[in-house]
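The following exercises concern a single protein chain. Each gives a task, followed by a solution in steps.

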Amino acid sequence: MPPRITNPVAWQQAELLMQPAFIRVIDNLRKRLDTSAWTGTYQDVMIWPANTTDEIKALVTQLLQEMETATLEQADVIRETLARLPMPHPGYHLVLQRQGQHVSIDLWELCYQVCFINYSPENEVVNIDTSLFDELGEVDWQLLEDKTKELVEQVFVNLPG
């Protein structure tokens with residue numbers, strides 16, 4: 001699930017960081033893949049809340065499909081039902097492949113590691129890495145690049161031998 005940001009200042013800082021961080025993540029992954037034996041494929045994925053059963057996933061998917069052709073009255077009933085069910089959010093993965101091995105990297109999770117201090121998916125509340133801003137409150141592009149490059153390098157170092 002996306003991290004929860006608890007105050008308006010942190011929200012503004014996250015808005016400033018997320019897009020450039022995501023771009024830096026993608027660019028650094030591309031550069032690293034150019035010199036790697038691994039190949040990569042990008043995939044759109046749906047990420048469900050923890051403990052969502054396959055039955056609930058199927059039901060939500062079915063209801064979303066039914067919504068496309070529903071009458072106004074049917075759509076209201078479907079919306080009411082969906083409001084009580086867990087909903088997925090879109091994700092973006094890089095699937096790395098080499099000699100029959102496959103590793104999936106969640107690009108948003110990697111981006112969150114760039115933007116937040118000691119980010120972990122288990123943490124409900126996150127803190128912006130304010131060191132990525134200069135004294136005027138602008139993104140420090142070099143520090144952002146350096147942190148992103150280091151995290152991408154860790155991804156490749158931790159790949160199976």
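A residue is called buried when its relative accessible area is under 20%, exposed when it is over 50%, and partly exposed in between (1.4 Å probe, protein chains only). The model is predicted, so local features need pLDDT of at least 70, side-chain atom pairs count only at pLDDT 80 or more, and totals for chains, interfaces and linings use all residues. Residues are numbered from 1 along each chain as its sequence is written, and side-chain values use heavy atoms, with hydrogens and water left out.

**Exercise 1. Describe the chain as a whole.**

Step 1. Begin with the secondary structure, where helices (H or I, at least four residues) and strands (E, at least two) are DSSP runs numbered from the N terminus. The chain has 5 helices and 3 strands. Their order from the N terminus is α-β-α-α-β-β-α-α.

Step 2. Turn to the dimensions. The radius of gyration, taken over C-alpha atoms, is compared with a globule rule of 2.2 Å times the number of residues to the power 0.38. For a compact globule of 161 residues the value would be near 15 Å, whereas this chain has 19 Å. Along the principal axes, the C-alpha atoms fill a box of roughly 55 × 45 × 25 Å.

Step 3. Consider burial and surface. Of the 161 residues, 38% count as buried. Accessible areas come from the Shrake-Rupley method with a 1.4 Å probe, and for residues only the protein chains shown count as cover. The accessible surface of the chain is about 10,200 Å², and 53% of this surface belongs to carbon and sulfur atoms.

**Exercise 2. Determine which parts of the chain are joined by the salt bridges of Arg24, Asp34 and Glu153.**

Step 1. Apply the criterion: a side-chain nitrogen of Lys or Arg lies within 4 Å of a carboxyl oxygen of Asp or Glu. The structure holds 8 such salt bridges.

Step 2. Examine Arg24. Its side chain meets that of Glu145 at 2.4 Å, N to O. Because Arg24 lies in helix H1 (residues 8-34) and Glu145 in helix H5 (residues 141-157), the pair ties together parts that are 121 residues apart in sequence. Arg24 is buried at 17% relative accessibility, and Glu145 is buried at 14%.

Step 3. Examine Asp34. This residue forms a salt bridge with Arg30 at 3.5 Å, N to O. The two are 4 residues apart in helix H1, so about one helical turn separates them. Asp34 is exposed, with a relative accessible area of 58%, while Arg30 is partly exposed at 41%.

Step 4. Examine Glu153. The salt bridge between Glu153 and Arg32 has an N to O distance of 2.9 Å. This pair links distant parts of the chain, since Glu153 is in helix H5 and Arg32 in helix H1, 121 residues apart. Glu153 is partly exposed at 35%, and Arg32 is partly exposed at 22%.

Step 5. Look for shared partners. Salt bridges that share partners join Arg24, Asp27, Arg30, Lys31, Asp34 and Glu145 into one network.

**Exercise 3. Classify the aromatic pairs of Phe22 and Phe116.**

Step 1. State the criterion. Rings of Phe, Tyr and Trp (its six-membered ring) pair if their centres lie within 6.5 Å; planes under 30 degrees apart count as stacked, over 60 as edge-to-face and the rest as tilted. A search of the whole structure finds 7 aromatic pairs.

Step 2. Phe22 and Tyr92 are 6.1 Å apart centre to centre, with 40° between the planes, and form a tilted pair. Since Phe22 is in helix H1 and Tyr92 in strand E2 (residues 89-98), the pair ties together parts that are 70 residues apart in sequence. Phe22 is buried at 16%, and Tyr92 is partly exposed at 25%.

Step 3. The ring centres of Phe116 and Tyr119 are 6.2 Å apart and their planes are at 40°, so this pair is also tilted. Both Phe116 and Tyr119 are buried.

Step 4. Ring pairs link Phe22, Tyr42, Tyr92, Trp108, Tyr112, Phe116 and Tyr119 into a cluster.

**Exercise 4. Identify the nonpolar cores.**

Step 1. A nonpolar core is a set of buried Ala, Val, Leu, Ile, Met, Phe, Trp, Tyr and Cys residues joined through side-chain atoms within 4.5 Å. The largest has 33 residues, and those with the most contacts inside it are Leu17, Leu29, Leu96, Ile105, Leu110 and Phe156.

Step 2. The elements that give two or more residues to this core are H1, E2, strand E3 (101-106), helix H4 (107-115) and H5. H1 gives the most, with 9 residues.

Step 3. A second, separate core has 6 residues, including Trp48, Val60, Ile78 and Leu85.
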